[in-house]
Amino acid sequence: MSITIRNLSSVYNPGTPFEVRALDNINLSIGEGEFVGLIGPTGSGKSTLVQHFNGLIRPSQGEVVVDGRSLTDKATDLREVRQRVGLVFQYPEHQLFEETVFADVAFGPKNQGVPEAELKERVNEALTLVGLDPSAICDRSPFELSGGQMRRVAIAGILAMRPKVLVLDEPTAGLDPQGRDELLDQLQQLHSRAGMTVILVSHSMEDIARVATRLVVLHRGQIVADGSPRQVFTQAKMLMDVGLGVPQVTELMLALREKGYPVPEVALTVEEACAIILGLHRGGEGQ
Amino acid sequence: MSILKNVTIGQYYPGDSVVHRLDPRTKLVLSFAFIIVLFLVNGFLPYLWLAALVMVVAQIARVPLKIMLRGLSPLKFIIALTFLLHLFTTRGGTVLWQLGFLRIESNGLAQGAFLAFRLILLVVATSLLTLTTSPIALTDGLERILSPGARFGLPAHELAMMMTIALRFIPTLIEEADKIMRAQLARGADFESGGLIKRAKSLLPLLVPLFVSAFRRADELAMAMEARAYRGGKHRTRLKVLKYTAKDFWAYFLAALAFGIAYFLGRWV
C-alpha cells in the first residue's frame, strides 16, 4: 500500500480573478508502514494535498497513484480507494449525525457493504482502538459526549472501515493537553502494532516530533523539506523563516550550543533533552 | 472540485459606476417603482422602452450582459411554462396551428410572449439592483426605508439585521456543507445514485451536521454580539450614514420621466 504523487498541482477557481494555486508541482512518495508528519503554516496547502490522497479533489495537473492505480484513471473505483485511504477531516466531530454512537461508527462499513453480522465486531474493534469502551458508549447519542470523546468516535468511524492508510488532518486541534497526548499515543500504537501507514497533518512541531518517523514540510504549495525529524529540525532557520519554528526543546538545544555547551543540535522530546542535560551536568561535576 | 460552488445568491458585481454609487434607498425605491410600472402598463411598445431602459442602466453600471442574464437561468422553466400555458389556453384571434385538441390562436401567442417578456424584465431589473448594490448597503437602505414604521411597532432594525446576518452566512453555510459532504464521501457515502427516496435519505448525513453547526454558529454569534454590548437598534450610531446627493435626485427625476413615457406609450400608442 503506497501513495505516489507526481508533478501534482492544484488550482482553485482557475481562470477567474479568485484563482489560487494551492499546490505547485508536488512530488512525494509514501511507502507502507511509514508515519509521516505533514507540516506547514496555515494556507500552505496541507488540507488540499491530503484530499488528493483519496480522490476527493481531482488534480489540476499531475497524478496521484494509490497502490499502483492512478486516481485520474476513470476505471479506478474511488469509493474503494476511499475505503483503503481513510481520511479524518479537521474537526471530524462535526460530521457526526446518527442517533447512536454505534450507528455512526457503522456508517462507513455499511456503505462498504459489510454484512450486519460483522458490523458489531467492526464497531467494537474501532472504538477500542481509539480507547473508548464500546459497551458503555455504543447506545448513547454522539451529541451528548464530551468534545474529546466525539472526536474519538469520529475517528473510530474511519477506522471501522479498516483502512490501510490513515490520514488525519489536525486531529489534535482544540483538544486539551491530556486528550492530545492520549490521541497521539493511540496513533502511535496503530502504527506500531497494527502496522498502519499514518499521515498526520499538523502545524504543531511538538506533536509531530513525538510520533512521526518522517517529516514533510509544505510552504506555499511546495515541499521545502523532507526527511527524518532529526534531519529536518537541523534546518531551524528555514523552519523559522516559513513561520513554523522548531520544537521548544530543539530551540533549547540550539541556545545551549550558542553558549558553547557540547550538546547535539536536535532533541525531539523533553525526555531526550533532559537526559542530555543531565549527562552534561554529571560530566561537568566529574571534571 | 467544489460540489456546491455553482450556487450564487445575492450576487454582487463589484464596480465603481454611478449606478453603484447611488444611495441604496434610491435603487430600492426605483426598482420597486419599476415593478409597479411593469404591471401597470400593457403592450409591447412600452415594454420595449422599459427593456431599453434596463439595458442603458446596465451599460452605465458596466455589468456584462452575460452576468445579467445569469439570473434568468434558475427561472427558465417557469418562464417557458408561462409562455406555453398562455400559448395553448388563451383563445381569440385567428387559428394559427391545430393538432387534435391542441390549438394555438393568435391572441394566445401574443399573450404568452407578453407575459414571458414581463417575467424576464422583472427578473433582469431586480437582479440589476442586487448586482450593483452590496448586500450590506441593501439591508442598510431597507432599514432606513422601513424606519418610519418603527413608530407603529415595526422592528425595522431587527429585520435588517436578520437579513444582513442571513446574507453573511450563506457562503459560510455553503462552504460548511461542502466540507461535510466531502467528509461523508470519505466514509463511502453516496449522494448521487438511487431513487428519490434513497437519495433523500442519503442527504441525512449532510443535513443533520449542517443544522447542528448552523445552530452552534447562531449561538456563538449571539454570544459574541452580546459580548460587544449589542442591544438592538436604539441609540445605535453608524459608520456610514446614508445621504442623498445630487445624483440621487437626478436618478429620481430621470426615472420618473422614463416611467411617464412608458405609461403614455401604453395608453396612446
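## A strand in the middle of things

How many bridges join strand β3 of chain A to β8(A)? There are five, and the two strands run parallel. One of these pairings puts Phe35(A), from β3(A), opposite Val198(A) in β8(A). Keep in mind as you look around that this is a predicted model.

The other neighbour of β8(A) is strand β7 (residues 165-169) of chain A, again parallel and again joined by five bridges. Here Leu166(A) has Val198(A) as its bridge partner, while Leu168(A) is matched with Leu200(A). To get from β7(A) to β8(A), the chain goes through helix α7 (residues 177-192), making a right-handed β-α-β crossover.

## Covered on both faces

Is β8(A) mostly covered or mostly open? This strand, residues 197-202, is mostly covered, with six of its six residues buried. Thr197(A), Ile199(A) and Val201(A) sit on one side, and Val198(A), Leu200(A) and Ser202(A) on the other. Both faces are covered, then, and that goes for Thr197(A) and Ser202(A) along with the rest.

## The sheet around it

Now zoom out a little. The strands belong to an open sheet of six, in the order β6-β7-β8-β3-β9-β10 of chain A, and the pairing is mixed. At the edges you find β6 (85-88) and β10 (222-227) of chain A, each of which pairs on one side only. On average, neighbouring strands here are turned by 15° against each other, if you ignore direction.

Which strands does α7(A) touch as it packs on this sheet? They are β3, β7 and β8 of chain A, and the helix direction makes about 150° with that of β8(A). So α7(A) is both the helix of the crossover and a cover for part of the sheet.

## Chain A as a whole

Chain A comes to twelve helices and ten strands. Its radius of gyration is 21 Å, close to the 19 Å that the globule rule gives for 287 residues, so chain A is as compact as a globular protein of that length. The C-alpha trace spans about 70 × 50 × 35 Å along its principal axes.

Of the 287 residues in chain A, 41% count as buried. Among contacts in this chain with a separation of 6 or more, 63% are between residues 24 or more positions apart.

## Chain B, for its part

Chain B has eleven helices and two strands. Walk along the sequence and you meet five helices, then the two strands, then six more helices. The radius of gyration of chain B is 23 Å, well over the 18 Å from the globule rule for 269 residues, so this chain is more spread out than a compact globule.

Its C-alpha trace covers about 65 × 60 × 40 Å along the principal axes. Buried residues make up 20% of the 269 in chain B. Residues 24 or more positions apart account for 76% of the chain B contacts with a separation of 6 or more.

## Where the chains meet

How many residues does each chain bring to the contact? Chain A gives 22 residues and chain B gives 17. On the side of chain A that touches chain B, the elements giving two or more residues are α2 (78-84), α3 (101-112) and α6 (147-159). The largest share, four residues, comes from α3(A). By class, this side of chain A has ten nonpolar, nine polar and three charged residues.

Notes: Residues are numbered from 1 along each chain as its sequence is written. Chains are lettered from A and ligands numbered from 1 in the order in which they are written. This is a predicted model: local features need pLDDT of at least 70, side-chain atom pairs count only at pLDDT 80 or more; totals for chains, interfaces and linings use all residues. A residue is buried if 20 or more other C-beta atoms lie within 10 Å of its own, exposed if 12 or fewer, and partly exposed in between; C-beta atoms are placed from the backbone. Two strands pair if DSSP finds at least two bridges between them. A crossover is right-handed if, with the strands pointing away from the viewer, the path from the first strand over the helix to the second runs clockwise. Two residues are in contact if their C-beta atoms, placed from the backbone, lie within 7 Å. Ala, Val, Leu, Ile, Met, Phe, Trp, Tyr, Cys and Pro count as nonpolar, Asp, Glu, Lys and Arg as charged, and the others, Gly among them, as polar. Axes are lines fitted to C-alpha atoms, for helices over the stretch in contact, and angles run from 0 to 180 degrees between N-to-C directions. The radius of gyration is taken over C-alpha atoms; the globule rule is 2.2 Å times the number of residues to the power 0.38.
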